Amino acid sequence: MRRRGRLRADRGQVAIELLGMTPTIVLTLVLMWQCVLAGYAFTLAGNAADEGVRAATAAPRGAARQGACSDAALRHLSGAWRDGASVSCGGTGFVTADVKLKVPVLFPGFIDFPVTVSGHAGAVEEVKD
């Protein structure tokens, strides 16, 4: 009889523990998602820089090169990521492209952290006949 009374005293314990742990679980998931977004921003910046420098090496020197580089880099970013992006290209002989993206808070296009990630790429200029 004594044991049976003790088991009844623990009723509802699991529900209380789950209720207490729910904010911790949600916070952990939000932080993990934010880390995924930061990593994805690095991946997007690097890919956009690669595409930009690839287009710039085939373009003639001057303003056309900067335009081709910027257009190609921005074309490979979706609308929410493109809004806060900055692209700079330059160089003669060895062409470089730098892409900077802002890291979003939870959803791209909503609010951005005051942190930017950058991607850098370089390639040798193509020889023109």
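This is a short tour of a predicted model, stop by stop, for you to follow in your viewer.

Before you start, note that residues are numbered from 1 along each chain as its sequence is written. In this predicted model, local features need pLDDT of at least 70 and side-chain atom pairs count only at pLDDT 80 or more, while totals for chains, interfaces and linings use all residues, and side-chain values use heavy atoms, with hydrogens and water left out.

**Stop 1: the whole chain**

Show the protein chain as a cartoon and you will find four helices and three strands. Helices (H or I, at least four residues) and strands (E, at least two) are DSSP runs, numbered from the N terminus. Along the sequence they follow the pattern α-α-α-α-β-β-β. Now switch on a surface: the chain exposes about 8,800 Å², with 62% of it supplied by carbon and sulfur atoms (Shrake-Rupley method, 1.4 Å probe; for residues, only the protein chains shown count as cover). Of the 129 residues, 26% are buried. Here buried means under 20% relative accessible area, exposed over 50%, and partly exposed in between (1.4 Å probe, protein chains only).

**Stop 2: the sheet**

Select residues 86-90, 94-104 and 112-124, which are β1, β2 and β3. Together they make an open sheet in the order β1-β2-β3, with antiparallel pairing; two strands pair if DSSP finds at least two bridges between them. β1 and β3 stand at the edges with a single partner strand each, so one side of each has no neighbour in the sheet. From one strand to the next, the twist averages 15°.

Zoom in on β1 and β2, which are joined by five bridges. One residue to pick is serine 88, whose bridge partner in β2 is aspartate 98.

**Stop 3: helices on the sheet**

Next, select residues 13-58. This is helix α2, which lies across β2 and β3 and runs at about 155° to β2. Angles run from 0 to 180 degrees between N-to-C directions, and axes are lines fitted to C-alpha atoms, for helices over the stretch in contact. Then add residues 63-75, helix α3, which packs on the sheet and touches β1 and β2, its direction making about 140° with that of β1. Contact means heavy atoms within 4.5 Å.

**Stop 4: where α2 meets α3**

Keep both helices in view. They pack at an angle of about 145°, with their axes 7 Å apart. The residues that meet include Ala48, Gly52 and Ala56 from α2, and Arg65, Cys69 and Ala72 from α3.

**Stop 5: the disulfide**

Which two cysteines form a disulfide? Show cysteine 69 and cysteine 89 as sticks: their sulfur atoms are 1.7 Å apart, and a disulfide is counted for a pair of cysteine sulfur atoms within 2.5 Å. The link is left-handed, with -65° about the S-S bond. The pair links distant parts of the chain, cysteine 69 in helix α3 and cysteine 89 in strand β1, 20 residues apart. Cysteine 69 is buried at 0% relative accessible area, and cysteine 89 is buried at 18%. The structure holds one disulfide.

**Stop 6: two more residues**

Move along α3 to serine 70, which is buried with a relative accessible area of 17%. Leaving aside neighbours within four places in sequence, serine 70 is in contact with Val87 and Cys89. Finally, select cysteine 35: is this residue buried or exposed? Cysteine 35 counts as exposed, at 58% relative accessibility.
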